[in-house]
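Visitor: I am new to this structure and would be grateful for a close look at a single part of it. Please take the nonpolar core as that part, and then describe what surrounds it.

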Amino acid sequence: MKDVLFFGSTLGVFNGVIISLYLLLFAKKKTLSKYLMAALVLSLSVRIGKSILVYFDPNLPKLYLQIGLSACLFIGPFLYFYLKAVSQQITKMPFNWKAILGMFRIMLKALESTY
């Protein structure tokens with residue numbers, strides 16, 4: 001039963017990564033909302049993938065846990081930016097969105113130095 005659970009979970013993560021890569025690289029019409037959706041799906045896939053790894057191997061290095069938590073940090077902003085871009089027809093990413101994502105990236109870089 002554990003093998004079926006592992007297979008189904010990893011299949012879902014793999015599909016999420018493939019969908020996000022498709023939206024980022026191969027989608028016909030490149031829009032801000034598609035990029036934000038791809039980033040959201042990729043963040044969710046990384047977070048779920050980390051949870052799968054921890055469930056099946058609890059002795060993982062802390063780096064894997066940090067990668068999952070870092071992805072979790074970006075889920076909220078990407079969801080908010082995606083919904084805002086779709087509902088208000090925003091076509092160019094505003095500077096304050098870039099500043100927020102940059103601030104999160106700097107925070108993660110600072111935490112990265114502790115490992």
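Guide: The account below begins with the chain as a whole, turns to the core, and then moves outward to a pocket and two loops.

The model is a predicted one. Its chain holds four helices and zero strands, and along the sequence this reads as α-α-α-α. Taken along the principal axes, the C-alpha atoms fill a box of roughly 45 × 35 × 20 Å. The chain has 115 residues, of which 29% count as buried. Its accessible surface comes to about 7900 Å², and 71% of that surface belongs to carbon and sulfur atoms. Among the contacts with a separation of 6 or more, 67% join residues that are 24 or more positions apart.

The part requested is the largest nonpolar core, which has 15 residues. Those with the most contacts inside this core are Leu32, Leu36, Phe74, Phe78, Met93, Trp97 and Leu101. Three helices each supply at least two residues of the core, namely helix 2 (32-56), helix 3 (62-87) and helix 4 (95-112). Helix 3 gives the most, with six residues.

Leu36 offers a good place from which to view this core. Leaving aside residues up to four places away in sequence, Leu36 touches Phe78, Phe81, Tyr82, Ala85, Met93 and Trp97. One of these partners, Tyr82, lies in helix 3. Under the same exclusion of residues up to four places away, Tyr82 touches Ser33, Leu36 and Met37. A further distance can be given for Tyr82: its C-alpha atom and that of Ala39 are separated by 9.4 Å, although the two residues are 43 apart along the chain.

From the core, one may turn to the largest pocket, with a volume of about 190 Å³. Ten residues line this pocket, and those nearest its centre are Ile67, Ser70, Arg105, Leu108 and Glu112. Helix 3 and helix 4 each supply at least two residues of the lining. Helix 3 gives the most to the lining, with six residues. By class, the lining has six nonpolar, two polar and two charged residues.

Two loop residues complete the view. Ala27 is found in the loop between helix 1 (2-26) and helix 2. Is Ala27 buried or exposed? Its relative accessible area is 7%, which is under the limit of 20%, and Ala27 is therefore buried. Apart from residues up to four places away in sequence, Ala27 touches Tyr22 and Lys34. Ala27 and Ser51 are 24 residues apart in sequence, and their C-alpha atoms are 29 Å apart in space.

The second loop residue, Gln89, has its place between helix 3 and helix 4. Gln89 is not a glycine, yet it has a positive phi of about 55°. Because its relative accessibility is 63% and the limit is over 50%, Gln89 counts as exposed. The two loops thus offer a contrast, as Ala27 is buried, whereas Gln89 is exposed.

Methods. Residues numbered from 1 in each chain as written. Predicted model: local features only at pLDDT ≥ 70, side-chain atom pairs only at ≥ 80, totals over all residues. Heavy atoms only, no water. Core = buried A, V, L, I, M, F, W, Y, C linked by side-chain atoms within 4.5 Å. Buried < 20%, exposed > 50% of the residue type's maximum accessible area, 1.4 Å probe, protein only. Contact = heavy atoms within 4.5 Å. 1 Å grid on protein atoms, 1.4 Å probe; cavity = no way out; pocket = protein on both sides within 12 Å on 5 of 7 lines; lining within 4 Å. Points joined across faces, edges and corners; volume = space filled by probe spheres on them. Nonpolar A, V, L, I, M, F, W, Y, C, P; charged D, E, K, R; others polar. Areas by Shrake-Rupley, 256 points an atom, 1.4 Å probe, with all protein chains shown as cover.
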